[in-house]
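Colleague: Got a minute to go through this one with me? I'd like to start with the open spaces and then look at how the helices pack.

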Amino acid sequence: MNESSDSTGIDGAGGSRVTREDVEAARERLADVVHRTPLDTSRTFAEMSGAASVGLKLENVQRTGSFKIRGAYNTMAQLSPAEREAGVIASSAGNHAQGVALAGDRLDIETTIVVPEVTPAAKIEATRGYGAEVVVEGDIYERSYEHALERAAETGETFVHPFDDEAIVAGQGTVGLELLEQYPSIDTVLVAIGGGGLVSGIGTVLKAAERDVRVIGVQPEGAAHAKPSLEGEEIHELPDVDTVAEGIADTRMLETTFEIARDVVDDVVSVSDREIAAAVTLLAERAKTVAESAGAAPLAAALSDELDLEGAHVGVVVSGGNVNLTEHAELTRTGLHELERYTEARLALEGWPTAVGDVVETVEAEGAELDVLERARRTSVDHPNRTPVTIGLEGSGPKHLEGVLEALAGLEDVAVVERSIE
């Protein structure tokens, strides 16, 4: 990993080099294409993490819902006439797909995107909405990637890689330029790592800055290939991945991003899927912003015990917000569980439906939210003259929720049979 903060360019194994000047040139190409996304400071997250300040770089409100348009357009704008004529093919878990599709629409280039089966429907439909052909192939991203390469070899289409390309890295690095301008006091940045294009681009810019900025990569525990790669000085490939954060569910970095990241990344930390879900929940609740799992991973790291951010001025890159509403609802419910603000219980009611009204009134009186109340399937242990129901409760914390359940247990027509709070 990085041992110096004065690097302005990176020489890779194949002569790869991305400089601050490359990123500046990319910004000129992107001037009329991408949004300068906002930086939202959060006192709440600063207090929760112990940092002096926290700035959320909201790439989830970028065009196409993520940072990916930056690298895709920068790359495709530099294709030769022959390459444009042949058309473009790419592989993606969703966000790169939309970036390539929009770039193709803007540049009048036909595009085909190969996506894995786990890609959310919202991302697929959005990609088609930009005019791209979408091919669903492979159970994980690596299989989609292999299929796209095979097709490119057969058809002559130009393959646009999601991260292992200097122009992609330079395009993603424009996020770093904006960070420096919007957050002058920044001394630490947290960036999700999938294939490493975003962290390599941002790191290239920040390590060329006049001040020292710590660059920390974040990965889900189920796709944590970067730390062993950077510490072991060679690319480490996972046999498989298992994470809710499909946007960063890569099995490895490749040469371009590996050679750059080893020079500009100071550390890599991993977070659990449950911590990511909690971060998705907190972003929705406290920052009023919708983030996908991959986009919330850096905040999860900031709020974890993995990092000492005491007194730091921390930039958190919320890299994307492309998530199905049902998936977002499930994530926030899991997040509330992780934050100990949600519980389920099984009740036995005497005198349905009068007892339901008592349950609703009691929950409301206790200041909690009744998220779910539904009749449960009767089992052999249920009293034959009672109606079994399950409820989902949202409260301010475990003590509050325990108090609500105790109040319910005190009702004459309600018995609390089972609860998830111990």
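Colleague: Which residues line the largest pocket?

Modeller: Keep in mind that this is a predicted model. The lining is made up of Thr281, Glu285, Ala329, Thr332, Arg333, Leu336, Arg341, Tyr342, Glu369, Asp371 and Glu394. The volume of that pocket is about 190 Å³.

Colleague: Which element gives the most to that lining?

Modeller: That's α15, with four residues. At least two residues each come from α13, α15 and β12 (369-375).

Colleague: And how does the lining split by class?

Modeller: Six charged residues, three nonpolar and two polar.

Colleague: Where does the largest pocket lie relative to the domains?

Modeller: Domain 1 (20-66 + 166-336) and domain 3 (341-419) both contribute lining residues, so the pocket sits between them. The chain is split into three pieces: those two, plus domain 2 (67-159).

Colleague: Back to α13 and α15 for a sec. At what angle do their axes cross?

Modeller: Roughly 105°, and the axes of α13 (residues 273-286) and α15 (residues 325-338) come within 7 Å. That crossing angle falls in the 65 to 115 degree range, so α13 counts as roughly perpendicular to α15.

Colleague: Which residues make the contact?

Modeller: On the α13 side, Arg274, Glu275, Ala277, Ala278, Val280, Thr281 and Ala284. From α15 there are His328, Leu331, Thr332, Thr334, Gly335, Leu336, His337 and Glu338. By class, that contact has six nonpolar, six polar and three charged residues.

Colleague: OK, new topic: enclosed space. How many cavities of 30 Å³ or more turn up in the whole structure?

Modeller: One. Its volume is about 310 Å³.

Colleague: Which residues are the closest to its centre?

Modeller: Phe67, Lys68, Gly247, Ile248 and Asp250, out of 26 residues that line the cavity. The elements giving two or more residues to the lining are α5 (95-107) and α10 (197-207). By class, the lining has eleven polar, ten nonpolar and five charged residues.

Colleague: Which domains does that cavity lie between?

Modeller: Domain 1 and domain 2 both give residues to the lining, so the cavity lies between those two.

Colleague: How many residues of domain 1 and domain 2 are in contact?

Modeller: 33 residues of domain 1 touch 28 residues of domain 2. The C-alpha centres of the two domains are 22 Å apart.

Colleague: Any other helix pair to look at? What's the angle between α1 and α9?

Modeller: About 95°, with the axes of α1 (residues 20-30) and α9 (residues 174-182) 9 Å apart. This pair is therefore roughly perpendicular. Arg20, Val23, Glu24, Ala26, Arg27 and Leu30 of α1 meet Thr174, Leu177, Leu180 and Glu181 of α9. That contact has five nonpolar, four charged and one polar residue by class.

Colleague: Last one, backbone geometry. Is the peptide bond from tryptophan 352 to proline 353 cis or trans?

Modeller: Cis, with omega near 5°. Proline 353 is in the loop between β11 (342-349) and α16 (354-365).

Colleague: And what's the phi of lysine 288?

Modeller: Lysine 288 has a positive phi of about 55°, although it isn't a glycine. You'll find lysine 288 in the loop between α13 and α14 (293-302).

Methods: Residues numbered from 1 in each chain as written. Predicted model: local features only at pLDDT ≥ 70, side-chain atom pairs only at ≥ 80, totals over all residues. Heavy atoms only, no water. Axes fitted to C-alpha atoms, helices over the stretch in contact; angles between N-to-C directions. Parallel < 35°, antiparallel > 145°, perpendicular 65-115°, else oblique. Contact = heavy atoms within 4.5 Å. Nonpolar A, V, L, I, M, F, W, Y, C, P; charged D, E, K, R; others polar. 1 Å grid on protein atoms, 1.4 Å probe; cavity = no way out; pocket = protein on both sides within 12 Å on 5 of 7 lines; lining within 4 Å. Points joined across faces, edges and corners; volume = space filled by probe spheres on them. Domains from an automatic or database assignment.
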